[in-house]
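This briefing is for a reader who is new to the structure shown below. It takes the fold, the enclosed and open spaces, and one residue in turn.

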Amino acid sequence: MDKFDANRRKLLTLGGMALGAAMLPTPSFAMLSTPRPRILTLNNLHTGEIIKAEFFDGKRYIKDELARLNYFFRDFRANKTRNIDPRLFDQLFRLQGLLGTRKQIQLISGYRSPVTNSHLRSQSRGVAKHSYHTKGQAMDFHIEGVALTQIRKAALSMRAGGVGYYPRSNFVHIDTGPVRHW
């Protein structure tokens, strides 16, 4: 009887592991688990700056490239920078893989200082008081030539943080906070 129970447990465990693995988004999981460089090309729509950054070399994050991205994502209104959560860049890289594109990402909003966030909040109901933008954990963007609905769908499938959909303003919001959407 004990041998039967042990074999049954093994079978159930293996079955559970197989089911769990089958539920992972395969292309995006493989992209982050395979040791290879991660490169992003972005255009800051407010400053006109363009950046191409290899922020991960296949083994580790590259500090100088992260610093360049931090500056690129700065609050251009207050000219303030903050360290951006590298997981946000990972999400973007993974998102491009899911969408099958390496087109330039059009950054609308990255880091926002608390002063800038308060100012924007006074002008719009859509700005959160404790925004992940102020923590360096969020961005608003679109990708030229890729439908917002496709970007939203791919972002939701990653289950990697918050996803906001703003078709009237032509952008999608992603962040590294809890999984949720609006």
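A cavity is a set of grid points where a 1.4 Å probe fits but cannot get out, and its volume is the space filled by probe spheres set on the points. In this predicted model, the largest cavity holds about 80 Å³ of space by that reckoning. The largest pocket, an open set of points, has a volume of about 520 Å³.

**Chain and fold**

- The protein chain has six helices and seven strands.
- From the start of the sequence to its end, these elements come in the order α-α-β-β-α-α-β-α-β-α-β-β-β.
- Of the 182 residues in the protein chain, 40% are buried.
- Counting contacts between residues at least 6 apart in sequence, 55% join residues at least 24 apart.
- The protein chain has an accessible surface of about 10700 Å², and carbon and sulfur atoms account for 55% of that surface.

**Largest cavity**

- One cavity of 30 Å³ or more is found when the whole structure is searched.
- The lining of the largest cavity consists of 13 residues, and those nearest its centre are Arg74, Phe76, Ile108, Ser109 and Gly110.
- Strand β3, which spans residues 105-109, contributes three residues to this lining, the most of any element.
- By class, the cavity lining has five nonpolar, four polar and four charged residues.

**Largest pocket**

- The largest pocket is lined by 23 residues, with Arg112, Gly126, Val127, Asp140 and Phe171 lying nearest its centre.
- Two elements, β3 and β6 (171-175), each give two or more residues to the lining of this pocket.
- With three residues, β6 gives the most to the pocket lining.
- The pocket lining divides into eight nonpolar, nine polar and six charged residues.

**Glu65**

- Glu65 lies in helix α3, which covers residues 63-72.
- Is Glu65 buried or exposed? Glu65 counts as buried because its relative accessibility is 15%, and buried means under 20%.
- The side chain of Glu65 comes to 3.1 Å from the backbone nitrogen of Glu54.
- Leaving aside residues up to four places away in sequence, Glu65 touches Lys52, Ala53, Glu54 and Phe55.
- Glu54 is thus both a contact of Glu65 and the residue whose backbone nitrogen the Glu65 side chain reaches.

Key. Residues numbered from 1 in each chain as written. Predicted model: local features only at pLDDT ≥ 70, side-chain atom pairs only at ≥ 80, totals over all residues. Heavy atoms only, no water. Helix = DSSP H or I, 4+ residues; strand = E, 2+ residues; numbered from the N terminus. Buried < 20%, exposed > 50% of the residue type's maximum accessible area, 1.4 Å probe, protein only. Contact = heavy atoms within 4.5 Å. Areas by Shrake-Rupley, 256 points an atom, 1.4 Å probe, with all protein chains shown as cover. 1 Å grid on protein atoms, 1.4 Å probe; cavity = no way out; pocket = protein on both sides within 12 Å on 5 of 7 lines; lining within 4 Å. Nonpolar A, V, L, I, M, F, W, Y, C, P; charged D, E, K, R; others polar. Polar contact = N/O pair within 3.5 Å; in protein donor to acceptor, adjacent residues only side chain to side chain.
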